[in-house]
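This report goes through a few local features of one protein model. The sequence and coordinates come next, and the description follows them.

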Amino acid sequence: MMAVSEKISEAELVVMEALWQRAPLTAADVADQVAADRGWSVQTVKTLLSRLMAKDIIAADQDGRRFLYRPMVVREEYVASESGRLVNRLFGGRISPLVAQLAEQDQLTADDIAELEGILKGLRS
């Protein structure tokens with residue numbers, strides 16, 4: 001698998017989530033998975049798949065008359081990359097201002113706080 005150098009749009013991310021859940025998939029399979037939420041046609045999904053292929057984020061293998069699409073990027077690596085970009089761009093590479101912002105906006109639940117405390121405790125050990 002490879003790292004993501006190109007940005008993935010919100011629509012492309014919906015397609016990637018489908019592929020990360022269960023690959024390989026045909027364009028029709030992807031359309032079926034996202035149809036309930038998005039109502040996209042198979043042609044729309046094919047356009048998004050083409051964009052992702054052009055970015056080398058997915059690959060396709062021919063299976064008879066159809067193509068089976070699979071991710072070339074691991075979801076966890078994508079999340080780590082995007083998280084780093086967000087923190088660098090908006091918070092100068094520092095995590096504490098991000099957490100402070102979330103706390104000020106009442107975005108942290110008691111469970112979130114407990115989880116953060118556990119992570120910090122583990123880092124101190």
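## Surface patch, helix α4 and salt bridges

Leu116 has a relative accessibility of 32% and therefore counts as partly exposed, since that class lies between the buried limit of under 20% and the exposed limit of over 50%. The model is a predicted one. Leu116 sits in helix α6, which runs over residues 110-124. Together with Ile119, Leu120 and Leu123, Leu116 makes a nonpolar surface patch of about 370 Å².

**Helix α4**

Helix α4 spans residues 75-91 and has 17 residues. From the first C-alpha to the last, α4 reaches 23 Å, close to the 24 Å expected at 1.5 Å a residue. Which residues of α4 are buried? They are Tyr78, Glu82, Val87 and Phe91. These residues cover an arc of only 160° around the axis, which means that they are on the same side of α4. The buried residues of α4 pack against two other helices, α1 (10-21) and α5 (96-104).

The face of α4 turned away from the buried side carries the exposed residues Ala80, Asn88 and Arg89. After α4 comes Gly92, with a positive phi near 60°.

**Salt bridges**

How many salt bridges does the structure hold? The number is 6. Side chains of opposite charge can pair when their charged atoms come close. The table gives three of the pairs, including the distance between N and O atoms.

| Pair | N to O distance |
|---|---|
| Arg75 and Glu17 | 3.0 Å |
| Arg66 and Asp63 | 2.9 Å |
| Arg85 and Glu82 | 2.9 Å |

In the pair of Arg75 and Glu17, the closest N and O atoms are 3.0 Å apart. Arg75 belongs to helix α4 and Glu17 to helix α1, so this salt bridge ties together parts that are 58 residues apart in sequence. Arg75 is partly exposed at a relative accessible area of 34%, and Glu17 is partly exposed at 24%. Helix α1 is also one of the helices against which the buried residues of α4 pack.

The side chains of Arg66 and Asp63 meet in a salt bridge as well. Arg66 counts as partly exposed, with 44% relative accessibility. Asp63 likewise counts as partly exposed, with 35%.

Arg85 and Glu82 form a salt bridge inside helix α4, where they lie 3 residues apart, about one turn of the helix. An α-helix has 3.6 residues a turn, so residues three or four places apart point the same way. Is Glu82 buried or exposed? Glu82 is buried, because its relative accessible area is 18% and the limit for this class is under 20%. Its partner Arg85 counts as partly exposed at 30% relative accessibility. Lys7 is linked with Glu82 and Arg85 in a network of salt bridges. Glu82 thus appears both in this network and among the buried residues of α4.

**Thr44 in helix α3**

Thr44 is found in helix α3, residues 42-54. With a relative accessible area of 34%, Thr44 is partly exposed. Thr44 and Ala11 are 33 residues apart along the chain, and their C-alpha atoms are separated by 9.9 Å.

Methods: Residues are numbered from 1 along each chain as its sequence is written. This is a predicted model: local features need pLDDT of at least 70, side-chain atom pairs count only at pLDDT 80 or more; totals for chains, interfaces and linings use all residues. Side-chain values use heavy atoms; hydrogens and water are left out. Patches are made of residues with over 30% relative accessible area and no salt bridge: like charges are joined within 9 Å, nonpolar side chains (Val, Leu, Ile, Met, Phe, Trp, Tyr) within 5 Å. Accessible areas come from the Shrake-Rupley method with a 1.4 Å probe; for residues, only the protein chains shown count as cover. A salt bridge is a side-chain nitrogen of Lys or Arg within 4 Å of a carboxyl oxygen of Asp or Glu. Helices (H or I, at least four residues) and strands (E, at least two) are DSSP runs, numbered from the N terminus. Buried means under 20% relative accessible area, exposed over 50%, partly exposed in between (1.4 Å probe, protein chains only). The expected span of a helix is 1.5 Å times one less than its number of residues. The arc is that of the directions from the helix axis to the C-beta atoms. Contact means heavy atoms within 4.5 Å.
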